Amino acid sequence: MKIIKPAQSGTMQSSDLMIYLEPSDKLSIEIESTVKQQFEHLIRAKVEEVLRAHQVTSGESRINDRGALDYAIAARLEAGLKRASGED
């Protein structure tokens, strides 16, 4: 899957997250979170897992997390990827 246009998914509510995706020549992941110190490595691992599963090799991913659980991270990222790839 290729990120061909900017897209976003999610909300800024408690226990949710907002994901922003943009085209880029390289793959980058930026994470801001209310629980960054404790859980950044787990959030990053889930994001990388979903990107790998969808064969995303380039694009900018910005995550603004408010304590979302892993299934919410996966769902929001998958929705954003569909929008960003033009499959929505």
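Two strands count as paired if DSSP finds at least two bridges between them. With that in hand, here are the close-ups, all taken from a predicted model.

**View 1. The β2–β4 pairing in the sheet.** β2 and β4 (residues 59-65) clear that bar with six bridges, and they run antiparallel. Two cross-strand pairs are worth picking out. Methionine 18 has asparagine 64 in β4 as its bridge partner, while glutamate 22 sits opposite glutamate 60 of β4. That second pair puts two glutamates across from each other, and both of them turn up again in View 5, in a salt-bridge network with Arg62.

**View 2. The whole sheet, strand by strand.** Four strands make up an open sheet in the order β1-β2-β4-β3, and the pairing is mixed. The edge positions go to β1 and β3 (27-33); each has a single partner strand, so one side of each has no neighbour in the sheet. Ignoring direction, neighbouring strands are turned by 10° against each other on average. Two helices go with this sheet: α1 lies across β3 and β4, at about 145° to β3, and α2 lies across β1 and β2, at about 30° to β2.

**View 3. The β1–β2 hairpin.** Here β1 and β2 run antiparallel and are joined by four bridges. Look for glutamine 8, whose bridge partner in β2 is tyrosine 20. Six residues lie between the two strands of the hairpin, and serine 15 takes a positive phi there, near 65°. Next along the chain is aspartate 16, in the loop between β1 (7-10) and β2 (17-22), and that residue leads straight to the next view.

**View 4. Aspartate 16 reaches arginine 76.** The two side chains meet in a salt bridge, N to O at 2.7 Å. Aspartate 16 belongs to the β1–β2 loop and arginine 76 to helix α2 (residues 70-85), so this contact ties together parts that are 60 residues apart in sequence. How do the partners compare in exposure, buried or partly exposed? Aspartate 16 has a relative accessible area of 9%, which makes it buried because the cut-off is under 20%. Arginine 76, at 28%, counts as partly exposed. The helix carrying this arginine is the one that lies across β1 and β2.

**View 5. A salt-bridge network on β4.** Arginine 62 and glutamate 60 form a salt bridge, with their closest N and O atoms 3.3 Å apart. Both are partly exposed: arginine 62 has a relative accessibility of 26%, and glutamate 60 has 25%. Through shared partners, salt bridges join Glu22, Glu60 and Arg62 into one network. Recall that glutamate 22 also stands opposite glutamate 60, in the antiparallel pairing of β2 with β4.

**View 6. One turn along helix α1.** Lysine 46 and glutamate 49 pair up in a salt bridge, 3.2 Å from N to O. Why are they about one helical turn apart? The two are three residues apart in α1 (residues 36-53), so about one turn separates them. Lysine 46 counts as buried at 16% relative accessibility, whereas glutamate 49 is partly exposed at 42%. The helix itself lies across β3 and β4. This pair and those in Views 4 and 5 are among the six salt bridges that the structure holds.

Note on methods: Residues are numbered from 1 along each chain as its sequence is written. This is a predicted model: local features need pLDDT of at least 70, side-chain atom pairs count only at pLDDT 80 or more; totals for chains, interfaces and linings use all residues. Side-chain values use heavy atoms; hydrogens and water are left out. Buried means under 20% relative accessible area, exposed over 50%, partly exposed in between (1.4 Å probe, protein chains only). Axes are lines fitted to C-alpha atoms, for helices over the stretch in contact, and angles run from 0 to 180 degrees between N-to-C directions. Contact means heavy atoms within 4.5 Å.
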